[in-house]
Amino acid sequence: MKKHPILLTALALTAACGSPKGEQAIPADKDVEAKVEQVLKGMSLKEKAGQLVQLNISVLEDASREAIDPAKLDYVIGEQKVGSILNVMHDKAHSREETAAMVKLIQDKSMEAIGIPCIYGLDMIHGATYLTDGTFYPQEINIGATFNRTYARMMGHAMAYETRAAQVPWVFSPVMDLGRDPRWPRLWESFGEDPYMQAEMAREETLALQGDDPNHIDLEHVAVSLKHFVGYGVPVSGKDRTPAIIAENDLREKFFAPFLACFRAGALTAMVNSASINGIPTHANAVLLSGWVKEQLGWDGLLVTDWADIDNLYVRDHVAADKREAVAMGINAGIDMIMDPYDPACVDDIVALVEEGRISKARLDDAVRRVLRLKVRLGLFENPLWEHDYPYFGGHGFAHESYDAALESLVLLKNEGGLLPFKGTERLLVCGPNANSLRTLSGGWSYTWQGAADDFAPQYNTIFEALFDRFPGKVSWVPGVVYDPADWQKDLAINVPQAVRAAQSADVVICCIGENSYCETPGNMDDLNLSANQKELVKALAAIGKPILLVLNEGRPRLIGDIEPLAKAVVDVMLPSNFGGDALAALLAGDENFSGKLPFTYSKHINALHTYDYKVSEHRETMEGSYNYDAVMDVQWPFGFGLSYTSFAYSNLKVSAETFDASDELTVSVDVTNTGSRPGKEAVLLYSSDLVASLIPDVKRLRGFDKVSLNPGETHTVVFTLPASSLAFVGADGKWRLEAGDFRLSCGGLSALVNCTATKVWDQPNI
């Protein structure tokens, strides 16, 4: 075996995994630990190895792909002692009862053959992804656009409740990769581009999913798996599962922040980034897996690989010579469970590696303890299957929450001449490939991996159907462009001339454009511009002179700089899911008011993809010097932008102290007044700017947000509590530092200067 620096680092850290030096992220429970040790003591080597393997349900399917093959079940569970199964049969949703029946077959066999419960996991991303009769909420990017933590909690609670009702105790959620590259096909799975907002929303969802006591998860909560640790969302190429280059200080300060918040909130498991960072595959990165998480946080949870990523260490990344070496590398780096979807023989590889001494018995037992601890905390030993009443499953309560979340997530980006709201007398032509599609409203992870809402959810309204119902007799539909049934990532111009003719008799043209549903690698692209067919449709319709409303239904901000000037109004609905059409209709009618704001920067140019927290040296207007820099932050719409049918005024910004040090806590207050004629909700965003720092500072950083509801003329004082330590950054030496000097705090166009009187440097890596 070759000597690999990655592996050697992993071996050096292995001992630390079992005896963490840091403060415990999850307080130990003596009864939980006693049960773990009791079970571990009676296990054979094969049984231990089996607990470290998770297989896809397809390895158990019979020829019909609709049922479990008893012989395969005997082999996988009875002989190979596999401890975990994931996914759904035939990559399609099943009812709650069908899912529960499938899990029961597996769980009965596991208890009979091993005496240890199997743990079943599903990707439940924006609700009960794989249940035909559960509830979908808007995708995470929409939840981010609400700037309202309540909806992250609501979605997490419903997801846990409905998943448990189907006898599944583990969800691969929330996704907390920062959506900082609009080319990346999973941007919509994140809450947005900002680390603080991502951390806040993910923490709320984690607490709602797991409940208040991570050592004792009840029958209405589930274990989370944080995705994807860490730095997955910024590949250099913009394409899924490709390498990233991330500065060490950014990795710690920004990308780790959401994970840190959720680990501290009791998250029981995390899934590892499929790609590599700075040339090291994350699945073999002992510094991140064992060092940052297990040792520094004292975290006793479980790290699971993503899909077949141990294989990728030798097949794709070429840091291991073969499968067995890859298994050793991953487990020694800190992996506790291998998602090896199709290969039950992975269990035999682990057995052989332990017998050969390439995986120590101590590291094996540490990993097995983490798997058993998860199962004990979930109560699976007492209740491998459970009887519990779930009266709210798929009910009106969750549906109402989903609708409300959609309402607050849609973003009004342009409204020239007060085109919106409609008066109700206008003749409306609805066109575009997204006008009459549920699939595009829900996106990926909706009934199937790539999304199939049209097949599974005909009871919900598309945009056209919702408008048709809300404005009876006033709405017609001619698509003009449709998605290609043979290649659903492409579109076809089928009847543009007919759409143009129909527009001549309309008062307003509503052009619903964007993307079809996609997830992961199938969503990779080479050009962020909106498709040529859709742009040509908009241009042809604009030529007749009727006012155009662009409805953007997309998982990432596709470039529309050449057609945006042709529209009088623009609404970005993103992926609002099953109630998105109804929410949009209510907003366009003026029954409700817009309050969503962009959780990402909407770029204008293909070679100018920015985030809001760019360095001050990147922008011409913020710098002086000897060079004639041509650097302008020319974006379509900035982070945090969103219009309303009413107006808001900010006043009386106050900070509790003009000077502070690292031990202080600042209180910031601002008055927000509804100065318009309609009730409305306003997302209030607090930013900080470090005016001089030892590393080039970001132009600004989000430090707080809140959502207030105001009637016309009403004023509300919004108060933020800002620990001084939250203004620190990670320096060139890798240490957190708060430096003496001036900071600007800004909110709603107002700002105040405060001064840090003394520099503080922290030795601990997590503050």
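Here is a chat about reading the cysteines and strands of a predicted model.

Visitor: Let's start with disulfides. How many does the structure hold?

Guide: The general idea is that a disulfide is a covalent bond between the sulfur atoms of two cysteines. In this predicted model, there are zero disulfides.

Visitor: Take Cys 262, then. Why is there no bond to the closest cysteine sulfur?

Guide: Distance settles that one. A disulfide needs the two sulfur atoms within 2.5 Å, but the closest cysteine sulfur to Cys 262 sits in Cys 519, 20 Å away, so a bond is out of reach. Looking from the other end, Cys 519 has its closest cysteine sulfur in Cys 262, again too far for a bond.

Visitor: Is Cys 262 buried or exposed?

Guide: Cys 262 is buried, at 0% relative accessibility. Cys 519 is buried too, with a relative accessible area of 0%.

Visitor: On to strands. Why is E16 described as largely enclosed?

Guide: Check each residue against the cut-off: buried means under 20% relative accessible area. In strand E16 (residues 508-514), seven of the seven residues are buried, so the rest of the structure largely encloses this strand. Val 508, Ile 510, Cys 512 and Gly 514 point one way, while Val 509, Cys 511 and Ile 513 point the other.

Visitor: Which strands pair with E16?

Guide: Strand E12 (residues 428-431) pairs with E16 in the parallel sense over four bridges, with Cys 431 partnering Cys 511. Strand E17 (residues 548-553) also runs parallel to E16, joined by six bridges; there, Ile 513 has Leu 552 as its bridge partner. Between E16 and E17 the chain passes through helix H21 (residues 532-542), making a right-handed β-α-β crossover.

Key: Residues are numbered from 1 along each chain as its sequence is written. This is a predicted model: local features need pLDDT of at least 70, side-chain atom pairs count only at pLDDT 80 or more; totals for chains, interfaces and linings use all residues. Side-chain values use heavy atoms; hydrogens and water are left out. Buried means under 20% relative accessible area, exposed over 50%, partly exposed in between (1.4 Å probe, protein chains only). Helices (H or I, at least four residues) and strands (E, at least two) are DSSP runs, numbered from the N terminus. Two strands pair if DSSP finds at least two bridges between them. A crossover is right-handed if, with the strands pointing away from the viewer, the path from the first strand over the helix to the second runs clockwise.
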